[in-house]
Every structure is written in structure tokens, then in C-alpha cells.
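Trainee: I'm new to this one and would like a close look at a single part, the sheet and what packs around it. Could you walk me through it?

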Amino acid sequence: EETKRVQKMKVCIQCDEQDAVLFCDQCKDFFCQMCFDRLHSKGRRQNHRRTWVEMGHCSECQESIALFHCVQCADLYCRDCYQEWHVRGGGRNH
């Protein structure tokens with residue numbers, strides 16, 4: 001079930017077809033390059049910050065499936081590493 005949820009996160013929230021490669025820090029969503037550019041080219045979204053993401057594995061342990069994205073760290077974490085670094089560790093103020 002966890003793997004299915006991550007697979008769904010890997011897909012762009014807008015077109016629901018392409019792999020997501022960007023996380024919009026303000027929208028809090030994952031987008032493919034084309035959809036991000038189209039939606040964020042003008043208007044209120046024009047100044048949104050983006051983070052390039054490689055979906056899949058935790059940036060800390062490099063083994064488990066990533067389920068959490070920290071906007072301040074710009075990294076993806078599995079449940080255990082997120083708990084360790086962002087609940088009890090140095091990133092708890094994120």
C-alpha cells in the first residue's frame with residue numbers, strides 16, 4: 001500500500017500522466033516541468049518557489065521509500081528518518 005501511494009505521488013498533480021520533477025513550495029504539490037511552467041508563468045503563482053525532486057527513495061537512508069518532503073531541507077524522507085530528523089532531531093523547527 002505504501003508503494004502504491006508513492007507511485008501516485010510520482011505523477012504530476014495537474015496532468016496525472018507525467019512523472020513529477022518539481023515541488024512547488026507554496027502550492028505544496030508535485031508537478032512535471034511542462035505543467036509547472038504553464039501554471040506558474042504568470043499571475044499570483046509566478047513568484048512561487050520550486051524544488052527539484054527525485055521521487056522515490058529517502059535522501060537520508062537511501063533505502064526506504066520517501067513519504068515526506070521537507071520544504072526547508074528540500075529533501076525527501078521515509079517515515080523513520082523524518083521522525084528521527086524532524087520530530088526529535090535538528091530539523092524539528094522545520
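Mentor: Sure, let's begin with one pair of strands. Strand 1 and strand 2 run antiparallel and are joined by three bridges. Keep in mind that this is a predicted model. Within that pairing, F23 has F30 in strand 2 as its bridge partner.

Now step back to the whole sheet. It's an open one, made of three strands in the order 2-1-3, with antiparallel pairing. Strand 2 (29–31) and strand 3 (50–52) sit at the edges with a single partner strand each, so each has one side left without a neighbour in the sheet. On average, and ignoring direction, neighbouring strands here are turned by 30 degrees against each other.

Next, the packing. The largest nonpolar core is built from eight residues: C12, L22, C24, F31, C32, C35, F36 and L39. Strand 1 (22–24) and helix 2 (33–39) each bring at least two residues to this core, and helix 2 gives the largest share, three residues. There's also a second, separate core of six residues, with A20, F23, V53 and A66 among them. So F23, which you met as the bridge partner of F30, belongs to that second core.

Have a look at C24 in the largest core. Leaving aside residues up to four places away in sequence, C24 touches D29, F31, F36, H40, H48 and R49. Two of those contacts, F31 and F36, also pair up with each other: their ring centres are 6.0 Å apart and their planes stand at 70 degrees, so the pair is edge-to-face. A search of the whole structure turns up three aromatic pairs. Both of these rings belong to buried residues: F31 has a relative accessibility of 2%, and F36 has 4%.

You may have spotted several cysteines in that core, including C12, C32 and C35. What about disulfides? The count comes to zero. For C12, the nearest cysteine sulfur is that of C35, 3.8 Å away, and C12 is in no disulfide. C12 is buried too, with a relative accessible area of 1%. C78 tells a similar story: its closest cysteine sulfur, in C81, is 3.6 Å away, which is too far for a bond. The cut-off behind that reasoning is a sulfur pair within 2.5 Å. C78 also counts as buried, at 5% relative accessibility.

Terms used
Residues are numbered from 1 along each chain as its sequence is written. This is a predicted model: local features need pLDDT of at least 70, side-chain atom pairs count only at pLDDT 80 or more; totals for chains, interfaces and linings use all residues. Side-chain values use heavy atoms; hydrogens and water are left out. A nonpolar core is a set of buried Ala, Val, Leu, Ile, Met, Phe, Trp, Tyr and Cys residues joined through side-chain atoms within 4.5 Å. Buried means under 20% relative accessible area, exposed over 50%, partly exposed in between (1.4 Å probe, protein chains only). Helices (H or I, at least four residues) and strands (E, at least two) are DSSP runs, numbered from the N terminus. Contact means heavy atoms within 4.5 Å. Two strands pair if DSSP finds at least two bridges between them. Axes are lines fitted to C-alpha atoms, for helices over the stretch in contact, and angles run from 0 to 180 degrees between N-to-C directions. Rings of Phe, Tyr and Trp (its six-membered ring) pair if their centres lie within 6.5 Å; planes under 30 degrees apart count as stacked, over 60 as edge-to-face and the rest as tilted.
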